[in-house]
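Student: I am new to this structure and should be grateful for a close look at a single part of it. Please describe how the pieces there are arranged around one another.

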Amino acid sequence: MALTHHLRTASFTQQRRLKRCARSARAHSSPRAADEASFTLYGCPGSRTQIVEWACLEFALPFDTKTLSRADMQSEAYREIHPWGKIPAATIGGNAPLFESGALVMYVGDKAQLMKTPEERGIHAAWSMWANATFWPAMETRDRASKLQQLLPPLETRLSEHDYLVGDEIGVADVTVAAYLFYGQLFFGIQYDAFPGVKKYVERIAARPHFRATVAGG
């Protein structure tokens with residue numbers, strides 16, 4: 001079952017919290033950031049859009065969100081932004097549009113200058129792609145319990161010794177991986193008791209205000 005289906009029940013309260021946080025992010029952004037090309041995110045409550053919104057708020061990238069209906073997504077105008085009419089997608093000034101949540105989160109990390117070298121960026125990209133292409137598809141299968149036993153030990157090894165996946169502060173990799181770990185709990189009742197490092201990691205991330213306003217609120 002698609003993640004978007006699971007997330008359809010987002011509340012108006014979550015949307016109000018998000019708007020307040022977005023205003024705060026703009027207020028605390030640097031003058032340099034305000035002069036740069038605007039980042040406009042297209043999506044809707046109850047979708048992977050909230051992962052990108054979390055990244056923007058967490059890393060202080062000013063943004064606007066345009067909420068789309070199903071009719072909007074099927075329009076020719078929107079297909080100029082996302083060729084397949086999916087969400088999320090984004091426009092950045094007059095540049096070519098971006099789509100796919102993982103790519104959008106990486107863009108936010110690049111704009112925030114979180115990754116200093118190609119090697120560091122590669123590590124963040126590897127974890128993000130693992131979350132999108134390996135972990136979440138496995139969670140949507142009937143034998144997810146057995147697949148967890150195969151997928152989580154390397155994650156446990158890292159998180160039993162470190163607070164975050166790459167370096168000593170939250171980064172792009174954490175945004176993607178933590179979101180899907182949380183969704184596993186929320187939609188499939190997955191418990192991480194057998195992986196105490198992973199469990200503490202999810203709890204630590206879930207306490208972050210911007211996470212609560214976006215991913216947890218959706």
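Tutor: Let us begin at one point, where glycine 43 stands opposite threonine 67 in strand E2. This is a predicted model, in which local features need pLDDT of at least 70 and side-chain atom pairs count only at pLDDT 80 or more, while totals for chains, interfaces and linings use all residues. Residues are numbered from 1 along each chain as its sequence is written, and side-chain values use heavy atoms, with hydrogens and water left out.

Strands (E, at least two residues) and helices (H or I, at least four) are DSSP runs, numbered from the N terminus. Two strands pair if DSSP finds at least two bridges between them. An open sheet with mixed pairing is formed by four strands in the order E2-E1-E3-E4. Its edge strands, each paired on one side only, are E2 (64–67) and E4 (98–99). Strand E1 (residues 39–43) pairs with E2 in the parallel sense over four bridges. Helix H4 (residues 49–58) packs on this sheet and touches E1 and E2, a contact meaning heavy atoms within 4.5 Å. The direction of H4 makes about 155 degrees with that of E1; such angles run from 0 to 180 degrees between N-to-C directions, with axes fitted to C-alpha atoms, for helices over the stretch in contact.

Within H4 lies glutamine 50. Glutamine 50 counts as buried because its relative accessibility is 3%, buried being under 20% relative accessible area, exposed over 50% and partly exposed in between (1.4 Å probe, protein chains only). A polar atom of the glutamine 50 side chain lies 3.4 Å from the backbone oxygen of cysteine 44, and this side chain also reaches the backbone nitrogen of glycine 46 at 3.0 Å. Although glutamine 50 and valine 215 are 165 residues apart along the chain, their C-alpha atoms are separated by 5.3 Å.

H4 also meets another helix. The buried residues of helix H11 (residues 196–206) are Gly197, Val198, Tyr201, Val202 and Ile205. Seen down the axis of H11, these residues fall within an arc of 135 degrees, so they line one face of the helix; the arc is that of the directions from the helix axis to the C-beta atoms. They pack against H4, helix H9 (144–159), H10 and helix H12 (209–213).

Helix H10 (residues 172–188) contains glutamine 185, which is partly exposed because its relative accessible area is 29%. Leaving aside residues up to four places away in sequence, glutamine 185 touches Ile190, Tyr192 and Val202.

Terms used: Polar contact = N/O pair within 3.5 Å; in protein donor to acceptor, adjacent residues only side chain to side chain.
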